[in-house]
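Okay, can everyone see the screen? Let me put the chain up and walk you through a few spots I picked out.

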Amino acid sequence: MPALDPSRLRLTVLVVFALALAPACDEPAEPPSIPQNLVATAKDRVVTLTWDRAERATGYAVLRATKSGGPFKVVVRTTQTRAEDAGDSGEGLAGGTHYYVVQAVSAAFGDSEASGEVAVTIESLAPAAPTGLTATGGKEVLLQWAPVTGADSYLIHRSDKPGSVFEVFKAVTETHHTDTEVEPGATYFYAVKSHSAEGDSEPSTEVNALTIPAAPTLQADGQNRRVLLSWAKCPGAVSYRLVRSAPPDGGTTQFVVTPDASDTSSHASYTDQPLPNGQEFSYVVHAVNSSGESEASNQVQAKPVSGQEVCVLDTAGPSVALFDAQQAGDLPPLRRFGGLTGLSAPASVRIDPLAKEIYVSNSPAGAPELSSVRVFALDATGNAAPGRVLPLLRQGAVASGLSPFALEIDPEAGELFVADFAANQIDVYSAKFDTQVPLRSLKGPLTGLDQPRALALDKMNNRLFVANADSITVYSKGASDDVAPIATIAASTPGLSEPSALAIDEAGKELWVADPEARALLVYVVGGTAEAPTFTLDRTLDQGTLHLDRPSAIALVEHLAGGDEVLVANYDGSSVTVYHRNALPDDSPVRTLYGSATGIAAPLGLALDASDPAAPRIVLSASAENRLSVFPLNASGNVAPARTISGEASGLSNPRGIATDLQNKEVVIANQRQEGFSLAVYALTAAEAGAAPLRVLESSSVLYVRAVAVSPKDWALWAAGTDGAGGRVVAFAHDATGPAAPRNTIGGEDSRLQEPSAVAVRLVGDQEEVFVANRSAHSVTVYRVADAGSSPVREIAGAATSLDNPVALALDGTELFVANAAGKVTVYAASAEGDVAPLRVLSGPKTLLTAPTGIALNPNSDEIFVADDGRVLVFARAAEGDVDFLRTIGPGPLSTLSAVSGVTVCK
């Protein structure tokens, strides 16, 4: 029997098995029965399912859904009546309820209907809800919460209402978040959910936060003794913090403003009072709520003002400062016009090339005690204020063609040398004026100093050269106290008579001396040692006397512009002459700067600006016209300066009198001039630094005008001054301008005028009465304008009057107030005449009256204002005897007052 083929045997068996299962040809096809008794159990995230065998089934399909009724999907196929579901990934089912059905399947008969549904719940493994959620409001909102185990991120929900439907605002992986998408002054509500692959947690506890308000916009309005402040209310703010500061060093004050809750207006306000009038205050306001406060508002400034003003004439500027009539102490003026430079008879000038600054010694005419050193930026121009000022608190002496305070500067050491002509000493200050006390002084009989009027530094050899009245002395640069010079060029030296200026070359080998008396330049060769120098006169340049006309300043230009040069300022010649360094006695100047276009008049100082070697050298000349002029180094002939530092455009030049035209809102200033005088008229409402006058009246009818007044009848301008005949008072039409002849003149022998120093006008009926104070006659004379002659209609004079150098007048309808230079104010009936006693006298140590220069009456407040000693003293109108003043305006750097010469009520 042949062997059986295994493959054929297997095929035969399968066919027989299939035929055995196949229904008979006459039986209908029927799907498997529905599985019964489906049971599902869960353990460790795995669901085990069992069911009964179904008839005609060749296998089973297990289906799962996430909700009852499906939709279902097949998750397991098996031929057994048992199956396990470990999830789609095989790593376990997710937490929650899962729903199952089973179908019996047959390749021959199809699939059965699904079994009944069973549900099984897997314990959820989603992370827990976050705890510890906090929300901190500010400009932004900071959210923080504790970390949650199993969470891989967090869902932040935000709403603008509590308990409302939250929306997912941000998804973050950290346990904190700063919400920058917020509005100022708004409240936000937050909840956070933990999130992982298992799902989302329940929300955290709800929290809320309030953002800080927006910064307000502040407005301020200064009124009498108070400032009104207002700002729009800020959403979310419950109060406001108002901060007041009083610049520059007045400290700060804070106020809390809590608006009335019932106030539905859109603005908040605060009245800051009481405050001193005339003082400027600065304010900012912060909006505040429980989360903090806003940034500061805009800063505003305001000055409480009484609505009344006084104008104070200061000859040191010269300028007019307008103050509130009720302000007190050292406060800035409300505004100021006139000269800001403060230049008055500027003398010695020096350059600091490192700091790029100009130093000028300044000696106001007639007020040497107000001398100072003023420092300007090197590029300053026009009516520029100095950067800083060093007062020289001693009596200076001004000599023609000489500097009362000569300067020298050592930029590297930061030291300024000041030679005091009258005190016979040299003081050394910090160039920054950090202190106004000298660092050291050179003075005493051993020094040999005698009216020192020029300085020069030999930096290479550490020596200081000083030009004295008739000698030149040399010291160690650091010398102080009473030490003898290390060398002297004595008066007996041939050619030396009155040295006024010095210059020494860079190597310290050649000394140039300007001698105005000899109208010459002396050139010495310097030998010896640094500690014991010797001097040999090499040559004298004295032939060009038409060019060297009282030389007052000198500067050496070394290795510039193709050669060495010497620059010389000529006081009498009002010129600058330039010579070659190797010039011989017969040589003429290389060039000369001279003529009306230059503006050079009686120059007292000259310096070379070599601070920028790449730029053309600049020469700065201090002149008696109260300005600094700047020229290119190669300037020649009658050319205008490149720029000037001056307050001349303001129309004020040696001002001596001030009056107010309240009807036309104008102020009138009387300026002394070399020949005659001028009246400059300014608009009170437009007064500002550097403002030009509305018009200028010029006249030569009176010299040395010291007073001006405005007629209450037709606003005519009256001016009083001295001339060769003793004095004269003249009147001009209100609108007179340019060269003008006077409309009225009071003068001559019958006028009894004697050094008239003040003038005032009142109206009696339709007649004008002109009151004139005669200083040297100690009298007040009164004139009727309608009178044909110049004789007074009455006179107040005599021992009983107590008049003592009267210098200023103030009038109202009933009384005449007289300021006397001897330190008192005397008051008379306006109709008084003869040798009558005053109604009252104001004087004594309590009053602080020392040397009054001006007086004004304020009828609105019944106060009198007296200009005296760099300030204005204010008294009650009825004050008499030795009484305290009510207050002062000035003195001090903030008030800008230093040489007060007049005061008038101007509003």
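Let's start at T660. Leaving out residues up to four places away in sequence, T660 touches E666, V667, L684, V710, T904, V905 and C906, where a contact means heavy atoms within 4.5 Å. Before I go on: this is a predicted model, so local features need pLDDT of at least 70 and side-chain atom pairs count only at pLDDT 80 or more, while totals for chains, interfaces and linings use all residues. Numbering runs from 1 along each chain as its sequence is written, and side-chain values use heavy atoms, with hydrogens and water left out.

Back to T660, which sits in strand β52, residues 655-661. Helices here are DSSP runs of H or I with at least four residues, strands are runs of E with at least two, and both are numbered from the N terminus. Is T660 buried or exposed? With 14% relative accessibility, T660 counts as buried. The cut-offs are under 20% relative accessible area for buried, over 50% for exposed and partly exposed in between, using a 1.4 Å probe and protein chains only.

Two of those neighbours also make polar contacts with T660. The side chains of T660 and T904 are joined by one of 2.9 Å, and a polar atom of the T660 side chain lies 3.2 Å from the backbone oxygen of V905. By polar contact I mean N or O atoms within 3.5 Å; within protein, one has to be able to donate a hydrogen and the other to accept it, and residues adjacent in sequence count only if both atoms are side-chain atoms.

C906, also on the T660 list, takes us to the disulfide. How many disulfides does the structure hold? Just one, defined as a pair of cysteine sulfur atoms within 2.5 Å. The partners are C311 and C906, with their sulfur atoms 2.4 Å apart. C311 lies in strand β25, residues 309-314, and C906 in the segment after β73 (900-905), so the pair ties together parts that are 595 residues apart in sequence. The link of C311 and C906 is right-handed, with 105 degrees about the S-S bond, and both cysteines are buried. Another cysteine, C234, counts as buried too, at 9% relative accessibility.

Now E357, in strand β29, residues 357-362. E357 is at 13% relative accessibility and therefore counts as buried. Which side chain does E357 reach with a polar contact? That would be R388, at 2.9 Å. Beyond four places in sequence, the residues that E357 touches include R350, I351, D352, F376 and K432. From E357 to A380, 23 residues along the chain, the C-alpha atoms are 9.0 Å apart.

On to the sheets. One open sheet has four strands in the order β61-β62-β63-β64, with antiparallel pairing; strands pair if DSSP finds at least two bridges between them. Its edges are β61 (756-764) and β64 (794-797), each pairing on one side only. On average, neighbouring strands in this sheet are turned by 15 degrees against each other, direction ignored. For those angles, axes are lines fitted to C-alpha atoms, for helices over the stretch in contact, and angles run from 0 to 180 degrees between N-to-C directions. Between β61 and β62 (residues 767-774) there are eight bridges, and L763 stands opposite E768 in β62.

The next open sheet, also of four strands, goes β65-β66-β67-β68 with antiparallel pairing. Here β65 (806-811) and β68 (840-843) are the edge strands, and neighbouring strands are turned by 20 degrees on average, direction ignored. Five bridges pair β65 with β66 (residues 815-820) in the antiparallel sense, and A808 has A819 as its bridge partner in β66.

One more strand: β47, residues 591-594. R591 and L593 make up its covered face, T592 and Y594 the uncovered one. In a regular strand, side chains alternate between the two faces of the sheet. Strand β46 (residues 575-580) runs antiparallel to β47 over four bridges, with L593 as the bridge partner of V576.

Last, the whole chain. There are one helix and 73 strands, and 51% of the 907 residues count as buried. Of the contacts with a separation of 6 or more, 54% come from residues 24 or more positions apart.
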